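Before reading on, take a moment to look over the sequence and turn the model around. The paragraphs below will then lead through its interior, step by step.

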Amino acid sequence: MIEPPILFLCGHRKGGTTMLNNLFDGHSQLSVYPVDINLLYGYFPKFNQSGASEQDLLKRIQAVVFKDIAKLPQLAGIVDFKKLEANFLTNMEGCSFSDMSAVLPALLNGYADLNASTEHQYLVAKETSIELYAKEIAGWLPNCRFIHLIRDPRDNFAAIKAGITKKYASYGDSEISLMFSVIVRNLWGIKMARVNQKLLGNERYRILRFEDLVAAPESTMREISTWLGIAYEESMLQPSICGRPTGGNSFENKTFSGISSEHVGKWKERISDEEAAMIEFAFSDEMAAYGYAAESDANVVADSVSAFYKSINYKYFYFDRFGE
């Protein structure tokens, strides 16, 4: 059931994985799961390894995957959610819901089987930050491959910051906590790119800069097609979801008819000098390795790091052993 192989798209949130997923969507040789699969965030590793009963594990999967996807307006009337769940359960017969090597193919093959008349070369799935699990995932699925999208961390934070009011505040986030998340999860994710490529090899793990994709989309998608061993198709330049054109997922209500480089380098207008300095301090080695030039004055860096540490130390790390 593992065949065809799974192609995972990974990278930090707001790093371009949705756009890349949508560029693959219209390809005749690919089955592209239309949204985040959620399983590698909302289910693994906390829930599947909890020792819960098979019934409780299934309930969690139903909540994380099938109930969640049914809420998405962009899929209403397009995806047969009941059939998708039925396909998944059929594929899982004789397998444990704790076994991710069974759960992932069961879901993605179940989705591919909604269009059973098409023969697929890859099952495509995206989930943010799964580069931190790549070695483990590759152990479950020996034929899987990864494309890891890297984006200038200053532009990445700018895109995340734009979503505070509309999304992240409802999760209890603030600008401080979002920055903290970026300099831990995104930094670790970018560091893992070269580690994963060394472990899995260039044939299984490809690193792709967001900026290169949006600057030269046709040549980049042709190179990716060759790497995957599939035919290049013109649909790879037009983002879509389930075959329907999509205008992106900007928090600023901007829609695009195709691939856009509008926000590349716009961090100078979208975040403060102090935020940029903090990111450059944390990501200095990775920015140099991927060609992102640091621009902050050393005095601004020093003041920004000091101010940020003051903001987080008492909240996350400090223990008052001096109190009565």
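What follows looks at the nonpolar core, then at one residue within it, and finally at an enclosed space.

Keep in mind from the start that this is a predicted model. In soluble globular proteins, nonpolar side chains tend to be buried together. Here the largest nonpolar core holds 46 residues, and those with the most contacts inside it are Phe8, Tyr33, Leu40, Phe88 and Phe146. Several elements each give two or more residues to this core, among them the strands β1 (6–10) and β3 (122–126) and the helices α3 (54–69), α4 (81–91) and α5 (100–112). The largest share of the core, nine residues, is supplied by α5.

To see how such a residue is placed, consider Phe146, which, once its neighbours within four places in sequence are left aside, is in contact with residues including Leu7, Phe8 and Cys10, and also Ala134, Ile137 and Ala138. Further along the sequence, Phe146 also touches Leu200, Arg204, Tyr205, Arg206 and Trp227.

Where, then, is there space that the protein atoms leave empty? A search of the whole structure finds one cavity of 30 Å³ or more, and the volume of this largest cavity is about 60 Å³. Its lining is formed by His12, Gly15, His148, Leu149, Ile150, Arg151, Asn156, Asn186 and Ile190. The elements that give two or more residues to that lining are β4 (145–150) and α8 (175–200), with β4 providing the largest share, three residues. Sorted by class, the lining of the largest cavity contains three nonpolar, five polar and one charged residues.

Notes: Residues numbered from 1 in each chain as written. Predicted model: local features only at pLDDT ≥ 70, side-chain atom pairs only at ≥ 80, totals over all residues. Heavy atoms only, no water. 1 Å grid on protein atoms, 1.4 Å probe; cavity = no way out; pocket = protein on both sides within 12 Å on 5 of 7 lines; lining within 4 Å. Points joined across faces, edges and corners; volume = space filled by probe spheres on them. Helix = DSSP H or I, 4+ residues; strand = E, 2+ residues; numbered from the N terminus. Nonpolar A, V, L, I, M, F, W, Y, C, P; charged D, E, K, R; others polar. Core = buried A, V, L, I, M, F, W, Y, C linked by side-chain atoms within 4.5 Å. Buried < 20%, exposed > 50% of the residue type's maximum accessible area, 1.4 Å probe, protein only. Contact = heavy atoms within 4.5 Å.
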